[in-house]
Amino acid sequence: MDNCIFCKIIKGEIPSTVVYEDDVMIAFKDLNPVAPVHVLMIPKMHISSAAEITEENAHVVAHIFNKAKEVAEIMGIGNSGFRIVNNCGENAGQTVMHLHFHLIGGKTLLWP
Ligand code: 5GP
Ligand code: ZN
């Protein structure tokens with residue numbers, strides 16, 4: 001998508017610190033981290049939000065979750081634990097309309 005900042009990050013048009021990449025996804029450091037480790041895992045395919053996951057594209061979401069442990073290990077938190085967050089839509093505070101999963105850790109996280 002032409003006007004999507006995450007599509008521009010994928011194409012290298014906007015700089016980012018990529019920590020993992022393959023044919024299906026990239027993971028890069030969040031610009032405004034909320035924890036010592038805060039990475040965004042996104043599909044290279046433009047999917048607007050979790051509400052746009054379908055039978056046809058769900059395999060990319062499965063791929064991202066399959067790789068989450070590996071991304072956590074790259075970030076040094078494979079054993080200490082991590083949280084995966086998705087904000088979907090206005091009330092959830094989604095600000096970038098390209099599906100992304102926050103992988104957060106490196107400290108004890110409060111819940112709820
Ligand atoms: P959301 O609020 O949509 O769930 O999360 C969007 C995330 O994208 C935010 O945590 C924000 O800091 C991050 N973000 C927005 N623009 C950029 C950018 O240009 N580069 C990087 N690395 N992160 C960004
Ligand atoms: Zn996009």
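Is Glu 70 buried, partly exposed or exposed? At 34% relative accessibility, Glu 70 counts as partly exposed; buried means under 20% relative accessible area, exposed means over 50%, and partly exposed lies in between (1.4 Å probe, protein chains only).

1. Basis of the note. The model is predicted: local features need pLDDT of at least 70, side-chain atom pairs count only at pLDDT 80 or more, and totals for chains, interfaces and linings use all residues. Residues are numbered from 1 along each chain as its sequence is written, chains are lettered from A and ligands numbered from 1 in the order in which they are written, and side-chain values use heavy atoms, with hydrogens and water left out.

2. Zinc site. Cys 4 (SG), Cys 7 (SG), His 46 (ND1) and His 98 (ND1) are the protein donors of the zinc ion (ligand 2), at 2.0 to 2.3 Å from the ion. Donors are N, O and S atoms within 2.8 Å of the metal (3.2 Å for Na, K and Ca); water is not among the atoms, so sites may look incomplete. The angles among the four donor atoms run from 103 to 116 degrees, and the site is tetrahedral (four donors with all angles between 85 and 135 degrees).

3. Zinc donors along the chain. The spacing of the donors is C-x2-C-x38-H-x51-H. Cys 7 in helix α1 (residues 5-11) and His 46 in the loop between β3 (37-43) and α2 (58-74) are 39 residues apart, and the pair links distant parts of the chain. Helices (H or I, at least four residues) and strands (E, at least two) are DSSP runs, numbered from the N terminus. Cys 7 is buried, at 6% relative accessibility, whereas His 46 is partly exposed at 23%.

4. Salt bridge between distant segments. The count of salt bridges is three, each being a side-chain nitrogen of Lys or Arg within 4 Å of a carboxyl oxygen of Asp or Glu. One of them joins Lys 44 and Glu 21 at 2.8 Å, N to O. Lys 44 lies in the loop between β3 and α2 and Glu 21 in strand β1 (residues 18-21), 23 residues apart. Both are partly exposed, Lys 44 at 26% and Glu 21 at 46%.

5. Salt bridges within helix α2. Glu 70 and Lys 67 meet at 3.6 Å, N to O; they are separated by about one helical turn because they stand three residues apart in helix α2. Glu 73 and Lys 69 meet at 3.3 Å, N to O, and lie four residues apart in helix α2, which also means a separation of about one helical turn. Glu 73 is partly exposed at 45%, as is Lys 69 at 39%.

Notes. Four donors count as tetrahedral if all angles lie between 85 and 135 degrees; four count as square planar and six as octahedral if opposite donors are over 155 degrees apart and all others between 65 and 115; anything else is irregular.
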